[in-house]
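Biologist: Could you pick one part of this model and take me through it closely, residue by residue where it pays off? I'd like one connected story rather than a list.

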Amino acid sequence: FEKLCSISLSHINVYACLVCGKYFQGRGLKSHAYIHSVQLSHHVFLNLHTLKFYCLPDNYEIIDSSLEDITYVLKPTFTAQHIAHLDKQAKLSRAYDGTTYLPGIVGLNNIKANDYANAVLQALSNVPPLRNYFLEEENYRRIQRPPGDIMFLLVQRFGELMRKLWNPRNFKAHVSPHEMLQAVVLCSKKNFQITKQGDGVEFLSWFLNALHAALGGTKR
């Protein structure tokens, strides 16, 4: 889900409580995360931007290799070698909840009426040239866009979703497309929505053209 504080609704300096899963802003004295830790005795928090763990209210960083699985689920990474072997060595993975799944063949949550978009996103995630490009963030991370341009958000969110769909270490055998779909609503100026059914073919055409333009492509 969108990384917003559950109280202030701010997206700045947000921490996830690893006990209840709620998001809170800040970790300093009187911050929402600090107050939550004192009131409910929930002490372990994850900064959703830096992916560092902290103990509150004592406010010290936790360094423990056993927490690496959590950061990998939030931000999976793929090497060029791994990407090259995706179609050659299909292997079932076991999620944390015990279910087995095949990376890349993973369900997307249907939030309300977004199944038309889910179908398109899942299909695109299995087009090898497109998949391989977006699995490696370095391919597009340094692309410069004009100030105030929001369209590159589509590129970032699609890359994040692609890496989560192909993650061999997921906690569950399904993925939330919420942030991806929010970017779609914003960048399409609400022509495609989460709460209203849309046409899959129209969405596919718009989405591919929007990605092309955001990556610096021309109309030719």
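Modeller: L9 is exposed, because its relative accessible area is 59% (over 50% is exposed, under 20% is buried and partly exposed is in between, with a 1.4 Å probe and protein chains only). L9 sits in the segment before β1, and its phi is near 65°, a positive value in a residue other than glycine. Keep in mind that this is a predicted model: local features need pLDDT of at least 70, side-chain atom pairs count only at pLDDT 80 or more, and totals for chains, interfaces and linings use all residues. Residues are numbered from 1 along each chain as its sequence is written, and side-chain values use heavy atoms, with hydrogens and water left out.

Now follow the chain into β1, which covers residues 14-17. Helices and strands here are DSSP runs numbered from the N terminus (H or I with at least four residues for a helix, E with at least two for a strand). β1 runs antiparallel to β3, residues 44-47, and 3 bridges join them; two strands pair if DSSP finds at least two bridges between them. Within that pairing, A16 stands opposite L46.

C17 belongs to β1 too, and it counts as buried because its relative accessibility is 2%. Leaving out residues up to four places away in sequence, C17 touches K22, F24, H36, H42, V44 and F45, where contact means heavy atoms within 4.5 Å. Between the C-alpha atoms of C17 and N47 there are 9.2 Å, and the two are 30 residues apart along the chain.

What sits in helix α1? S37 does, and the helix takes in residues 32-40. S37 counts as buried because it has just 1% relative accessibility. Beyond residues up to four places away in sequence, S37 touches H42, H43, F45, L56 and P57. F45 is thus on the contact list of S37 and on that of C17.

F45 also leads across to the next strand: its bridge partner in β4 is Y54. β4 is residues 53-55, and it pairs with β3 in the antiparallel sense over 3 bridges. The two strands form a hairpin with 5 residues between them, and L51 in the turn has a positive phi of about 60°. As a general point, side chains in a regular strand alternate between the two faces of the sheet.

Past β4, the peptide bond from L56 to P57 is cis, with omega near 10°. P57 is in the loop between β4 and β5, the latter being residues 60-62. N59 is in that loop as well and has a positive phi of about 60° although it is not a glycine. With a relative accessible area of 36%, N59 is partly exposed.

Finally, the setting. The protein has 8 helices and 9 strands, and 37% of its 220 residues count as buried. Its radius of gyration is 19 Å, which agrees with the value near 17 Å for a compact globule of 220 residues (taken over C-alpha atoms, with a globule rule of 2.2 Å times the number of residues to the power 0.38). The C-alpha trace spans about 55 × 40 × 35 Å along its principal axes. Of the contacts with a separation of 6 or more, 57% come from residues 24 or more positions apart.
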